[in-house]
Amino acid sequence: MPLMDRVAMLNEILEQNPNDAFARYGLAMEFSNSGDVASALGEFQKLLAAHPDYTAGYFMAAQTLAKSNRAEEAKKMLSDGIVSASRTGNAHARSEMEAMLAELEQVTP
């Protein structure tokens with residue numbers, strides 16, 4: 001399915017249910033994967049404001065920021081994500097984010 005069709009479909013879902021975390025995450029990922037960083041980060045921000053324990057959102061937002069050479073913002077996002085993962089008992093996500101954070105801190109102390 002072409003990008004615009006997927007984006008339109010996800011937007012349609014969100015029009016009917018703005019709090020659909022999976023659709024919001026999907027939309028953020030579509031924007032991120034297509035290189036539309038501003039739109040992706042806007043959707044991640046909406047997702048995490050409504051669903052602060054949607055741990056994958058922090059990790060993917062941090063990856064989007066890191067790819068855009070925004071390491072300091074990525075580190076903050078990872079720190080917030082680690083708190084979320086700890087709160088929800090998601091040890092796997094926590095370890096992935098801790099590893100990425102350590103990697104970013106080596107590159108940009």
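Student: Are H4 and H5 roughly parallel or roughly antiparallel to each other?
Tutor: This is a predicted model, in which local features need pLDDT of at least 70, side-chain atom pairs count only at pLDDT 80 or more, and totals for chains, interfaces and linings use all residues. Residues are numbered from 1 along each chain as its sequence is written, and side-chain values use heavy atoms, without hydrogens and water. H4 and H5 (helices are DSSP runs of H or I, at least four residues, numbered from the N terminus) pack at about 165 degrees with their axes 8 Å apart; axes are lines fitted to C-alpha atoms over the stretch in contact, and angles run from 0 to 180 degrees between N-to-C directions. Angles under 35 degrees count as roughly parallel, over 145 as roughly antiparallel, 65 to 115 as roughly perpendicular and the rest as oblique, and H4 and H5 are therefore roughly antiparallel.

Student: How many charged residues are in the contact of H4 with H5?
Tutor: Contact means heavy atoms within 4.5 Å. Residues of H4 including Tyr58, Phe59 and Leu65 meet residues of H5 including Glu73, Met77 and Asp80. Ala, Val, Leu, Ile, Met, Phe, Trp, Tyr, Cys and Pro count as nonpolar, Asp, Glu, Lys and Arg as charged, and the others, Gly among them, as polar. By class, the contact has 10 nonpolar and 4 polar residues, and the number of charged ones is 2.

Student: Is the crossing of H3 and H4 left-handed or right-handed?
Tutor: The axes of H3 and H4 come within 10 Å and cross at roughly 160 degrees, which means that H3 is roughly antiparallel to H4. A crossing is left-handed if the near helix is turned anticlockwise from the far one by less than a right angle, and right-handed if clockwise. For H3 and H4 the crossing is left-handed.

Student: How many nonpolar residues does the contact of H2 with H3 have?
Tutor: The axes of H2 (residues 21–33) and H3 come within 7 Å and cross at roughly 160 degrees. Among the residues in contact are Arg24, Tyr25 and Phe31 of H2 and Glu43, Phe44 and Lys46 of H3. Beside 2 polar and 3 charged residues, the number of nonpolar ones is 9.

Student: Which elements give two or more residues to the lining of the largest pocket?
Tutor: A pocket is an open set of points on a 1 Å grid where a 1.4 Å probe fits, with protein on both sides within 12 Å along at least five of seven lines; lining residues have an atom within 4 Å of a point. Among the lining residues are Phe44, Tyr58, Arg70, Lys76 and Asp80. The elements are H3 (37–50), H4 (55–67) and H5 (71–88).
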